[in-house]
Amino acid sequence: MAEETKNTKVDSVLGEKKKLMFRIVSERSYKAAAVLGLQITHEWSEERSSEQEQTKDGAKASAGSMTEKISLEGLANKVTDPDVTNVDKMLHHAFREGLKVEVWEVDFEQQNTVEGDNKGKYYARHGEGYLATRSSSANVEGNADLKLEINIDGKSTFGWATVDELSEAMAKEFFYDTVKDAKPVEGIPLYEVQTTVAPEGRSVKTETNTDKDGKK
């Protein structure tokens, strides 16, 4: 009897759903990590050197050490709420004073729904290191931009990260009603895509269709 072919669905990873959170390592006991607002793009790169030694039988390659680096581009931040951490200024201070920072790359599309200690947490990559470069430029016709580079110590690790309500809100798109002092609520889908064939006279299971620009 022929084996059944398993139908595995593979989806792309949306870059806009991955955001970086930061904290100065020495503040670990006192403050939660926070999202840097107005991120545009970032890259977490890995590089391993390859060493070659010549022998009588030809070159023999061996793996060298691995390095990791984060490059980030965004817009300069202005925070008016005194209770909200200005991550832009925090990172600038860490750069000027040579302080070690820790960074999480959080995938806000991958939230753990399994019962247990990690339920509600988001899949994330974590590393620690020092800012190598920081620059900010201002254009008369646009917003001031921000560029950072961070060299990671050793190897980064992967796991499930807790995200506080404020940082979670910064990573989501909300709808606001027209009334005074309206509170943010999650929007409803513009259209729901049918994903199964429904039995006659019964409703079908649907899923929200969201494109890369966040439009539904």
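A polar contact is a pair of N or O atoms within 3.5 Å, where, inside a protein, one atom must be able to donate a hydrogen and the other to accept it. Keep that in mind, as you'll meet one at the end of this tour. What you have open is a predicted model.

**Stop 1: the whole chain**

Start with a cartoon view of everything. The chain holds two helices and 12 strands. Starting at the N terminus, the order of elements is β-β-β-β-α-β-β-β-β-α-β-β-β-β. Now switch on the surface: about 15900 Å² of the chain is accessible, and carbon and sulfur atoms account for 47% of that. Of the 216 residues, 25% are buried. As for how the chain meets itself, take the contacts between residues at least 6 apart in sequence: 61% of them link residues at least 24 apart.

**Stop 2: helix α1**

Select residues 87-97, which form helix α1. Look just ahead of the helix for Asn-86, which caps its N-terminal end. One of the side-chain oxygens of Asn-86 sits 3.2 Å from the backbone nitrogen of Asp-88.

Which residues of α1 are buried? Colour Val-87, Asp-88, Met-90, Leu-91 and Ala-94 to see them. They lie on the same side of α1, because they span an arc of only 165 degrees around the axis. A bit of background helps here: an α-helix has 3.6 residues a turn, so residues three or four places apart point the same way.

Spin the view to the face turned away from the buried side, and you'll find Lys-89, Arg-96 and Glu-97, which are exposed. Then turn back and show what covers the buried residues: the cover includes β1, β2, β5, β6 and β7. Before moving on, click on Gly-98, which follows α1 and has a positive phi, near 70 degrees.

**Stop 3: strand β5 and its partners**

Next, select residues 101-111, strand β5. Is β5 mostly covered or mostly open? Eight of its 11 residues are buried, so you are looking at a mostly covered strand.

Add residues 18-24, strand β1, to the selection. β1 and β5 pair antiparallel, with seven bridges between them. For one example, find Lys-19 and look across to Val-106 in β5. Now add residues 122-137, strand β6, which also runs antiparallel to β5 and is joined to it by eight bridges. Here, Glu-105 has Arg-125 in β6 as its bridge partner. Remember Arg-125; we'll come back to it.

**Stop 4: the nonpolar core**

Show side chains for Phe-22, Leu-36 and Leu-91. These have the most contacts inside the largest nonpolar core, which has 19 residues. β1, β4, α1, β5 and β7 each give two or more residues to this core. Apart from it there is another core of 10 residues, including Ala-33, Trp-104, Tyr-122 and Ala-124.

Now centre on Phe-22. Leaving out residues up to four places away in sequence, Phe-22 touches, among others, Leu-36, Leu-72, Val-87, Met-90, Leu-91, Val-103 and Ile-150.

**Stop 5: an odd turn at Leu-38**

Go to the loop between β2 and β3, where Leu-38 sits. Most residues other than glycine have a negative phi. Leu-38, however, has a positive one, near 60 degrees. Is Leu-38 buried or exposed? With a relative accessible area of 52%, Leu-38 counts as exposed, because the cut-off for that is over 50%.

**Stop 6: the β3–β4 hairpin**

Carry on into β3, residues 39-55, and β4, residues 58-75. A hairpin of two residues connects these strands. They run antiparallel and are joined by 15 bridges. Pick out Arg-48, which stands opposite Met-66 in β4.

**Stop 7: Glu-68 and Arg-125**

Stay in β4 and select Glu-68. Its relative accessible area is 4%, so Glu-68 is buried. Then bring back Arg-125, in β6. Arg-125 is buried too, with a relative accessible area of 9%.

What links the two side chains? Here is the polar contact promised at the start: the side chains of Arg-125 and Glu-68 are joined at 3.4 Å. To see the surroundings, add Trp-44 and Glu-46. Both are among the residues that touch Glu-68, and both are also in contact with Arg-125. Ser-156 appears in the neighbourhood of Glu-68 and of Arg-125 as well.

Methods
Residues are numbered from 1 along each chain as its sequence is written. This is a predicted model: local features need pLDDT of at least 70, side-chain atom pairs count only at pLDDT 80 or more; totals for chains, interfaces and linings use all residues. Side-chain values use heavy atoms; hydrogens and water are left out. Buried means under 20% relative accessible area, exposed over 50%, partly exposed in between (1.4 Å probe, protein chains only). Helices (H or I, at least four residues) and strands (E, at least two) are DSSP runs, numbered from the N terminus. Two strands pair if DSSP finds at least two bridges between them. The arc is that of the directions from the helix axis to the C-beta atoms. Contact means heavy atoms within 4.5 Å. Accessible areas come from the Shrake-Rupley method with a 1.4 Å probe; for residues, only the protein chains shown count as cover. A nonpolar core is a set of buried Ala, Val, Leu, Ile, Met, Phe, Trp, Tyr and Cys residues joined through side-chain atoms within 4.5 Å.
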